[in-house]
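Please look through the sequence and the structure shown below before reading on. The paragraphs that follow lead from the ligands outwards to the rest of the two chains.

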Amino acid sequence: MALLEIRDLHVGVEDREVIRGLDLNVNLGEVHAIMGPNGSGKSTLSHVIAGKPGYEITGGQILFRGENLLRTEPNERAAKGVFLAFQYPVEIPGVTTMNFLRAALNAQRKARDQQEFSTPEFLKRIREVAGSLNIPQDMLKRGVNVGFSGGEKKRNEILQMALFEPGLCILDEIDSGLDIDALRIVASGINTLRSPERAMIVITHYRRLLDHIMPDVVHVMSKGRIMKSAGKELALELEASGYAQFEDAA
Amino acid sequence: MVAVQETVERVKRIDVDQYRYGFETLIDSEKAPKGLSEAIVKFISQKKNEPAWMLQWRLEAYRRWLTMTEPTWARVDYPKIDFQDLYYYAAPKPKKSVSSLDEIDPEILKTYEKLGIPLREVAMLEGVEPKVGEEDPARRKIAVDAVFDSVSVATTFKAELKKAGVIFMPISEAIREHPELVQKYLGSVVPTSDNFHATLNSAVFSDGSFVYVPPGVRCPMELSTYFRINERNTGQFERTLIIADKGSYVSYLEGCTAPQRDENQLHAAVVELVALDDAEIKYSTVQNWYPGNSEGKGGIYNFVTKRGDCRGNNSKISWTQVETGSAITWKYPSCILRGDNSRGEFYSIAISNGFQQVDSGTKMIHLGKNTSSRIISKGIAAGKSQNTYRGLVTAHRKALGARNFTACDSLLIGDKCGAHTVPYIEAKNSSATFEHEATTSKISEDVLFYCIQRGLSEEEAVGLVVNGFVKQVLQKLPMEFAVEAQKLISTSLDGSVG
Ligand SMILES: Nc1ncnc2c1ncn2[C@@H]1O[C@H](COP(=O)(O)OP(=O)(O)OP(=O)(O)O)[C@@H](O)[C@H]1O
Ligand SMILES: [Mg+2]
């Protein structure tokens, strides 16, 4: 059974159809890359999977572990293991990263009927995870993403992914704005989390990240549809010839 | 945020219409008949065995009040109050004198227990001294002067305070026991002619707290009063007077909740603070009165005059307030910076939800040289509420080198509420430096969704974002209060989303 199964999905935003009959199957243990021109609907797709309000689902369905995800509240989706690393992570002034992560992790655990982490348990866990991603402790004491550089924000997304251990990780342009070293750290963070218990969807514009994480499948998305799916070599092909051929087809 | 989880559970439990503190205590009370007249003023004064000068003072205020009209400049809207349709005096039936807990009506004690507030200090309140080594050092002592309806029924810690020379007692007692202090300072900050509500208070004030800290004394504990309105239709007219003599320090906490009712309740308190040379007063309030039901019915009308006088050089007065309750709030804790190098501070969190109307802010009046003031105001409007910050900063022509910094931030939740900022700034000399910053923002959908995607419910997300927004002010509250306030803040935003 597929971990994520999207069938003939149609999504409208402000009276415009942005996803236009999209099918996608992601199995446990797989890493899928989605590439595609600006405005093709990649972020929209990730938002709809995570349950962001403001989109009109006009057709199709999304199943997660066989369950109808579209009928599940967004915070319940998170507790069930849907994680989205945002293309543009927001800032939350006055709320330290540490407190935010603890509140979120415990909310998820509570929803799963798991014991909430005590302060010492949480601190131990967050130190381990932050250490493995080269994230300094004082960053955790700052307001969530407040004054973080673009690269730091992205690393903070990976930190959360590592902390929550979700079943499905959707990474929306996690590589944008990263310097070479940060890219390596983020990629290795992703690779560490790669597991037969988990699947990932990596949205990117660049082959660079894919060189590090070696996806199982690469999809090309254009105008709200998956136009082509193939192995990693598709990324190379796109880099050479661009998206024009797919846009014509759409 | 540690308290967030708990906070959110409370949010879920508590519904605007099931106001948690909306219960009534069944105790007989002694009431004056409805309405206001010289006879009623005399009745109140008599009830309290007041000396003749006090009655005179009240009567003068009453006559003055008859010539005044209710102010209308605030951005609040309410049906006309019929001042003849209110009770001006109610007291729990007196048992002898109350010197120990046993003598207090158990019903009253139960009320406090339900409020879950001062009885956290039960042992101390009961005079049970903690055994050596058992005392939790993190837990600072709090002396509670409980104002129940109009009469203070319990005053604790008297002995320890007495040792330090601090006078902390109901003002009705102070009038009898320390007339020289009361006569010297009462009305010296807020004169009887000050404004309609304060003048009314001067005529009919029922009780309140009196604090005097002698020269050079650092008050050994936080002083605290919990107010509670309990009588149907009883206007509450608290009067508080705090004097910090030269080189002294005192921190005073005020908090209150009120039972649910249909009729609107009027509250017109007056608080006067006097800081002499090198003295410091820190006054913190958490205000959580019944705000009215989900249709905007009922709720407390809160017209408060709070003013501090930095009378001495190098003195300091700091107001911190968390305002979440009341149907109408009309309140401007202010500082008169008279002494050279004196300093005034105002830290405020004002939250409005449902149909609440808040018009609050401060006045910083710079009179002395090198005086400085700081205003940090955080207004949060949700539901169909209106939230106005009104602030006045002035520098007298002799106030050379006066400095003020004002930061005034408003946060809107939803699109049916309003936030307004009305700053008045006037400098009569060119050496004054006034800085003013103001922002208004909405809780953004993107921020909420970010939190929700991480597993938080919408209420939890709002609670988190709001607590972050007000953090700078929360930090100014004494610790115990900060925790309570944090819970209260999320509680009061119940039903503001979705
Ligand atoms: N809230 C919105 N209101 C109006 N249009 C929207 C909204 N959200 C998305 N769109 C439109 O939907 C289309 C898809 O946007 P989306 O952000 O999903 O693209 P993308 O593939 O992620 O692009 P990029 O590579 O630039 O990140 C775009 O044309 C965009 O303008
Ligand atoms: Mg995008």
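Does A:Gln87 count as buried or exposed, and at what relative accessibility? A:Gln87 counts as buried because its relative accessibility is 15%, where buried means under 20% relative accessible area, exposed means over 50% and partly exposed lies in between, with a 1.4 Å probe and the protein chains only. This is a predicted model, in which local features need pLDDT of at least 70 and side-chain atom pairs count only at pLDDT 80 or more, while totals for chains, interfaces and linings use all residues. Residues are numbered from 1 along each chain as its sequence is written, chains are lettered from A and ligands numbered from 1 in the order in which they are written, and side-chain values use heavy atoms, with hydrogens and water left out.

A:Gln87 belongs to a metal site: the magnesium ion, ligand 2, has as its protein donors the OG atom of A:Ser43 and the OE1 atom of A:Gln87, which lie 2.0 to 2.2 Å from the ion. Donors here are N, O and S atoms within 2.8 Å of the metal, or 3.2 Å for Na, K and Ca, and since water is not among the atoms, sites may look incomplete. The two donors link distant parts of the chain, for A:Ser43 sits in helix 1 (residues 42–50) of chain A, whereas A:Gln87 sits in the loop between strand 6 (82–85) and strand 7 (92–96) of chain A, and 44 residues separate them. Helices (H or I, at least four residues) and strands (E, at least two) are DSSP runs, numbered from the N terminus. A:Ser43 also counts as buried, because its relative accessibility is 19%.

A:Ser43 leads on to ligand 1, where 15 residues form the surroundings and A:Gly39, A:Lys42, A:Ser43, A:Thr44 and A:His205 come nearest; a residue is near a molecule or strand if one of its heavy atoms lies within 4 Å of it. Helix 1 of chain A gives the most to this shell around ligand 1, with three residues. By class, the shell around ligand 1 has three nonpolar, eight polar and four charged residues, where Ala, Val, Leu, Ile, Met, Phe, Trp, Tyr, Cys and Pro count as nonpolar, Asp, Glu, Lys and Arg as charged, and the others, Gly among them, as polar.

Individual atom pairs can be followed here too. An oxygen atom of ligand 1 lies 2.5 Å from an N or O atom in the side chain of A:Thr44, an oxygen atom of ligand 1 lies 2.8 Å from an N or O atom in the side chain of A:Lys42, and a polar backbone atom of A:Ser40 is 3.2 Å from an oxygen atom of ligand 1. Taken alone, ligand 1 exposes 640 Å², and the protein buries 66% of that, with accessible areas coming from the Shrake-Rupley method with a 1.4 Å probe and, for residues, only the protein chains shown counting as cover. The elements that give two or more residues to the shell around ligand 1 are strand 2 (16–26) and helix 1 of chain A.

Beyond helix 1 the chain reaches A:Gly51, in the loop between helix 1 and strand 4 of chain A. A:Gly51 is buried because its relative accessible area is 15%, and, not counting residues up to four places away in sequence, A:Gly51 touches A:Pro74, A:Arg77 and B:Phe449, a contact meaning heavy atoms within 4.5 Å. A:Gly51 and A:Gly41 are ten residues apart in sequence, and their C-alpha atoms are 15 Å apart in space.

Two loop residues of chain A share a backbone feature. A:Arg65, in the loop between strand 4 (56–64) and strand 5 (67–68) of chain A, has a positive phi of about 50° although it is not a glycine, and A:Arg65 counts as partly exposed because its relative accessibility is 39%. A:Glu165, in the loop between helix 6 and strand 9 (168–172) of chain A, likewise has a positive phi of about 50° without being a glycine.

Chain B, finally, contains 13 helices and 23 strands, and 62% of its 498 residues count as buried. One of its buried residues is B:Ile175, which lies in helix 7 (residues 171–177) of chain B and touches, among others, B:Trp53 and B:Phe205.

Technical notes. A polar contact is a pair of N or O atoms within 3.5 Å; within protein, one must be able to donate a hydrogen and the other to accept it, and residues adjacent in sequence count only if both atoms are side-chain atoms.
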